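Okay, thanks everyone, I'll keep this brief. Let me put the sequence and the structure up, and then we'll walk through it together.

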Amino acid sequence: MKNKNNYTLIEYIDALVFFSIYGIVKYLPSPVFDGARFVVLKFFLKSIHSIHVKDGATFWFPRGISIGKNVGINEWVFI
């Protein structure tokens, strides 16, 4: 069932789960917790091949994001 914003209930639930889980690891200090962010993002991003995601990086609509090899996402980036 689509609402007036063209998002399904499943998409809203997916976003709620992502932001709840990612919110726990988002601000944990780098480089110690880069691996924790990688594990959480592995479940929600379209694809991710780099472990270098620094603290404070924000991801909107993660199902459509792909991160390749040898890529680093620095602090306070909005994707």
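**Fold, core and pocket**

So, the secondary structure here comes to 2 helices and 2 strands. Starting at the N terminus, the order of the elements is α-α-β-β. Keep in mind that this is a predicted model.

Some overall figures. Along its principal axes, the C-alpha trace spans about 40 × 25 × 20 Å. The protein has 79 residues, and buried ones make up 30% of them. The accessible surface comes to about 5400 Å², and 67% of that belongs to carbon and sulfur atoms. As for contacts, if you take those with a separation of 6 or more, 21% are between residues 24 or more positions apart.

Okay, the core. Which residues have the most contacts inside the largest nonpolar core? They're Tyr22, Leu41, Val53, Phe59 and Ile67, out of 14 residues in that core. The elements that give two or more residues to it are helix 1, residues 9-25, and helix 2, residues 34-44.

Let's zoom in on two of those. Take Val53 to begin with. Setting aside neighbours within four places in sequence, Val53 is in contact with Tyr22, Leu41 and Phe59, which I just named, and also with Ser30, Asp34, Arg37, Ile48 and Ile73.

Now over to Ile67, which sits in strand 2, residues 66-67. Is Ile67 buried or exposed? Its relative accessibility is 5%, so Ile67 counts as buried; the cut-off for that is under 20%. What does Ile67 touch, once residues up to four places away in sequence are left out? There's a run on the screen here, Leu45, Ser47, Ile48, His49 and Ser50, plus Phe59 and Ile73. Look at Ser47 in particular: Ser47 and Ile67 are 20 residues apart along the chain, and their C-alpha atoms are separated by 6.1 Å. Ile48, Phe59 and Ile73 turn up in the contact lists of both Val53 and Ile67.

Last stop, the pocket. The largest one has a volume of about 250 Å³. What lines it? On one stretch of the sequence you've got Tyr7, Glu11, Tyr12, Asp14, Ala15, Phe18 and Phe19, and further along Trp60, Phe61, Pro62 and Arg63. By type, that lining divides into 8 nonpolar residues, no polar ones and 3 charged. The charged ones are Glu11, Asp14 and Arg63.

That's my tour, over to you.

Definitions and conventions
Residues are numbered from 1 along each chain as its sequence is written. This is a predicted model: local features need pLDDT of at least 70, side-chain atom pairs count only at pLDDT 80 or more; totals for chains, interfaces and linings use all residues. Side-chain values use heavy atoms; hydrogens and water are left out. A nonpolar core is a set of buried Ala, Val, Leu, Ile, Met, Phe, Trp, Tyr and Cys residues joined through side-chain atoms within 4.5 Å. Buried means under 20% relative accessible area, exposed over 50%, partly exposed in between (1.4 Å probe, protein chains only). Helices (H or I, at least four residues) and strands (E, at least two) are DSSP runs, numbered from the N terminus. Contact means heavy atoms within 4.5 Å. On a 1 Å grid over the protein atoms alone, a cavity is a set of points where a 1.4 Å probe fits but cannot get out, and a pocket is an open set with protein on both sides within 12 Å along at least five of seven lines; lining residues have an atom within 4 Å of a point. Grid points are joined across faces, edges and corners, and a volume is the space filled by probe spheres set on the points. Accessible areas come from the Shrake-Rupley method with a 1.4 Å probe; for residues, only the protein chains shown count as cover.
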